[in-house]
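These are my notebook entries on one protein model, written down in the order in which I looked things up.

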Amino acid sequence: KSESGMETAKALDRWWKSNASRLKWFLSVFLLIGFALACYAGVVQMRNATQKQEIQDAMQGGGWAPNIEAELGECKSEVDGLNERLQTQTNIHQESIGQIKSLQQAVDRTEHECQQKLEKVQKSPPKNKMEQKLSRVTEELKKQSREALATLYGENTKIIVDMQLSLGKISIQMAPSSLMPYTTKWFTDLVRRGYWDGCGFIRAAGHVLQANCNPKKSEKPEYPSIAFQEYSERYTHKIHTVGIAGFPGGPDWYINIVDNVRNHGPGGQDPVEANPCFGEVISGFDVVDLIKKQPHEPSGFNGIYSPVIIQKATIRTVPA
């Protein structure tokens, strides 16, 4: 046993001698790391204490207040400026609306006066004087209508009426106000009033597709006619243009599905006058074809058995 114990002691002694330097190195590294962590913790604690003291000093001394007040002042100035701009734009908008209403009232008043003059002129001989007065009245109506269209829709713009039908959508570009101002205004005024909503195409003849407000069975719509048969040789009844039916015309209107320049121009259906031609279909030609194909009377008026309803008519403008 004593020999065994001595062998163990010798083995331990040999192990210590061979590993003593390594253990000392690990111990030194461990102590050095511990010292470094302790130093870092001390530095962090000192820095936090310093920052805390600086914050307290700044709050007690009001060091932050000037900066906050300055920023709040800038924000308030910016908000006040935006509110002022908003008020200015609101005033301009309200003033524009007032001008449009005033002009619309003036146009309506002039149209009423001109209508009365027309009725008076039509009863007044001789013929040459009557024609002179009639010409002056119609020219005044055109002038007033042209000014109203420029105010409502802007100058150098194209006025387009979009109609959502029960079979699809069609778009009609109005004639230039320089050529057909009165009829264009008459038709677009009815669009703005919602007059055409619920009306429909009721006739599919070989030359036209005619629309009126007979489908409005739930109400008794007014039947506003045009004051005179406006016409321009520079804007005629070519295929896909639109015209006003009747003498005096309105409110029925139609789409020309063939060239009707001769039939609906001067001397066509009336010895002297012509149907006003006031616009042209620019999209929805497939819908026009569908209307032509609707079941209708085989002869006579060619009335469509189930009218194609105009669900909604709206106005938009695009640059000329």
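Entry 1, the pocket. Before I looked for empty space, I noted what the word means here: a pocket is an open set of grid points with protein on both sides within 12 Å along at least five of seven lines, and its volume is the space filled by probe spheres set on those points. I also reminded myself that rolling a probe the size of a water molecule over the atoms shows where empty space is left. The model I am reading is a predicted one, and I keep that in mind for every entry below.

I turned to the second largest pocket and found that about 370 Å³ of space lies in it. Its lining is made up of 18 residues, and those lying nearest the centre are E111, Y182, W186, P224 and S225. The elements that give two or more residues to this lining are α2, which covers residues 65-122, and α4. Which element supplies the largest share of the lining? I found that it is α4, with 6 residues. When I sorted the lining by residue type, I obtained 7 nonpolar, 4 polar and 7 charged residues.

Entry 2, the barrel. I followed the strands next and saw that 8 of them close into a barrel with antiparallel pairing, in the order β1-β2-β7-β5-β6-β4-β3-β8. Neighbouring strands of this sheet are turned by 40° against each other on average, if direction is ignored.

I then went through some of the pairs. Between β1 and β8, which run antiparallel, I found 9 bridges, and one of the partners I noted is V318 in β8, which is bridged to K158. Between β1 and β2, also antiparallel, there are 6 bridges, including the one that sets I160 opposite Q173 in β2. How many residues does the hairpin from β1 to β2 pass through? I found that it passes through 2 residues.

On its other side in the barrel order, β2 is followed by β7. Strand β2 covers residues 168-174 and strand β7 covers residues 277-283, and the two pair in the antiparallel sense over 4 bridges. Within this pair, M174 has G279 as its bridge partner in β7, while S171 has S283. Strand β7 also pairs with β5 in the antiparallel sense, over 3 bridges, and there the partner of G243 in β7 is C277.

Entry 3, the helix across the strands. I came back to α4, having met this helix in the pocket lining. Helix α4 spans residues 181-192 and lies across β1, β2, β5, β6, β7 and β8, running at about 45° to β1.

Entry 4, the disulfide. I searched the whole structure and found 1 disulfide. It joins C199 to C213, with a distance of 1.8 Å from S to S. The angle about the S-S bond is 75°, and the link of C199 and C213 is right-handed. Why does this pair tie together parts that are 14 residues apart in sequence? The reason is that C199 lies in the loop between α4 and β3, whereas C213 lies in the loop between β4 and β5.

Entry 5, backbone details. I remembered that most residues other than glycine have a negative phi, and that most peptide bonds are trans. With that in mind I looked for exceptions and noted three of them below.

- The peptide bond that joins F247 and P248 is cis, with omega at about -5°, and P248 sits in the loop between β5 and β6.
- The peptide bond from G250 to P251 is cis as well, with omega near 0°, and P251 belongs to strand β6.
- H240 is not a glycine, yet its phi is positive, at about 75°, and I located H240 in the loop between β4 and β5.

Key: Residues are numbered from 1 along each chain as its sequence is written. This is a predicted model: local features need pLDDT of at least 70, side-chain atom pairs count only at pLDDT 80 or more; totals for chains, interfaces and linings use all residues. Side-chain values use heavy atoms; hydrogens and water are left out. Two strands pair if DSSP finds at least two bridges between them. Axes are lines fitted to C-alpha atoms, for helices over the stretch in contact, and angles run from 0 to 180 degrees between N-to-C directions. Contact means heavy atoms within 4.5 Å. On a 1 Å grid over the protein atoms alone, a cavity is a set of points where a 1.4 Å probe fits but cannot get out, and a pocket is an open set with protein on both sides within 12 Å along at least five of seven lines; lining residues have an atom within 4 Å of a point. Ala, Val, Leu, Ile, Met, Phe, Trp, Tyr, Cys and Pro count as nonpolar, Asp, Glu, Lys and Arg as charged, and the others, Gly among them, as polar. A disulfide is a pair of cysteine sulfur atoms within 2.5 Å.
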